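Here are some notes for a colleague who is opening this structure for the first time. They follow the charged side chains and the places where these meet.

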Amino acid sequence: MMKYTKENFIFLVGGIIIYVVDIGVDLWVASKYFYQGQYTWAILIISFRCLSSLVTQIFSYQWFKNDCEGPDSEKLKWIFLVHFFHCGIFIRYWFALKYGCQAAFKQKSSGDVSETDHPNFIQKQAIDVMTDINMLRIFKTFLETTPQLFVQIYVLMEHNNHNFSQYAAIIMSFCGISFSTVDYQISLRKSLPDKDRFHVLSKLVYLFYKLLTITSWILSISLVTLLSARSSVILLILLWSCGFAWTLKQHTTFCKSKEMEYLYRTVVGIILLFTFFNIKGRKTKVPISVYYATHTLVTVGILLVYWVWKPSVVKEIHFTIVGILTILSLVLGIIFLVVYYRLFHPTVYCKQQTRFDEVDTEARDNVEAGRFQNFIMQ
């Protein structure tokens, strides 16, 4: 298992700051919309925030419940109460700061220390806590941050009235997506022992691949919504159904209960609306090719529909800019994707895919990777 470093601790602190500032920006933007009488956008912003918070609290509490050894009902009652008031993530951040500070700055020598103070134990504690937070942040990113980014971009394109709060929300959304995706990938490399180290160049390539493909797709969906809100909803429901069906076909085994597993599959279906993730730790050449080929065809189809049905709109300068940005970000994103998979992707775990197969219990027992080994990967 790799070490928890000072760089990881800095990323953790940055993530906490962005998380807190993001809450403030959401409330600020929503209040602006309410003040301007744009109640639909205000309700959407708050709804995405509440949905992501609800889902993350449910999963966070269930993980605390699963991790408690022996009867500890009083502790679980307090944990439930904190999560009921949607503050569970702050408990996890407190533990992350505590163990992360010990692992990164206060390491002791392995001699004359208790088992719980042993450097390897502290390192594992820090990485495990960070991993849980980053899994929850992935949920938040694609249940709240990315949909909110779509709303902000759509409002800018539709009403063309720009203000500082909207730009701040868009910047915070991009920062949130950036931190969560990179932190998640770092956790993946650290938590699973058969992953290579995530170097600076590979982090940048992975970040640009994700950001550019997500940006292109959000612009495409925004164009569909401008054309017809009903068509946009139908398209998203259809794509979510395909993603959900794929999770069913993959027989994911992330949760202990059947109900939680279906909630997990539902959330993964939403995540797959915006970006590709390997949900079973297996080879993904065919699925990822189909996924981005579909996105490319849909994007090109949307632009062609505008060109045929809305020629007057096509002639407008803002549509030209959006169209160029959509195609350019898609092309560049796919280029970064190819570079990442050719040069930086830890393909070793694909060769050892039986480690993550539910029938291979012996191999799983030999690797203490926790719940992360059954979570979405990339």
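1. Asp132 is buried, with a relative accessible area of 9%. In this predicted model, Asp132 forms a salt bridge with Arg92, the closest N and O atoms being 3.4 Å apart. Because Arg92 lies in helix H4 (residues 88–105) and Asp132 in helix H5, the pair ties together parts that are 40 residues apart in sequence. Arg92 also counts as buried, at 5% relative accessibility.

2. This pair belongs to a set, since the structure holds nine salt bridges. Another of them joins Asp22 to Lys140, with 2.8 Å between the closest N and O atoms. Asp22 lies in helix H1 (residues 6–35) and Lys140 in helix H5 (residues 119–159), so this contact ties together parts that are 118 residues apart in sequence. Asp22 has a relative accessibility of 4% and Lys140 a relative accessible area of 11%, and each counts as buried because the cut-off is under 20%.

3. A salt bridge also runs between Arg49 and Glu144, whose closest N and O atoms are 2.8 Å apart. This pair links distant parts of the chain, with Arg49 in helix H2 (residues 39–67) and Glu144 in helix H5, 95 residues apart. Glu144 is buried, with a relative accessible area of 0%, and Arg49, at 14% relative accessibility, counts as buried as well.

4. Which residues do salt bridges with shared partners join into one network? The network consists of Asp22, Asp26, Arg49, Lys140 and Glu144.

How values were computed. Residues are numbered from 1 along each chain as its sequence is written. This is a predicted model: local features need pLDDT of at least 70, side-chain atom pairs count only at pLDDT 80 or more; totals for chains, interfaces and linings use all residues. Side-chain values use heavy atoms; hydrogens and water are left out. A salt bridge is a side-chain nitrogen of Lys or Arg within 4 Å of a carboxyl oxygen of Asp or Glu. Helices (H or I, at least four residues) and strands (E, at least two) are DSSP runs, numbered from the N terminus. Buried means under 20% relative accessible area, exposed over 50%, partly exposed in between (1.4 Å probe, protein chains only).
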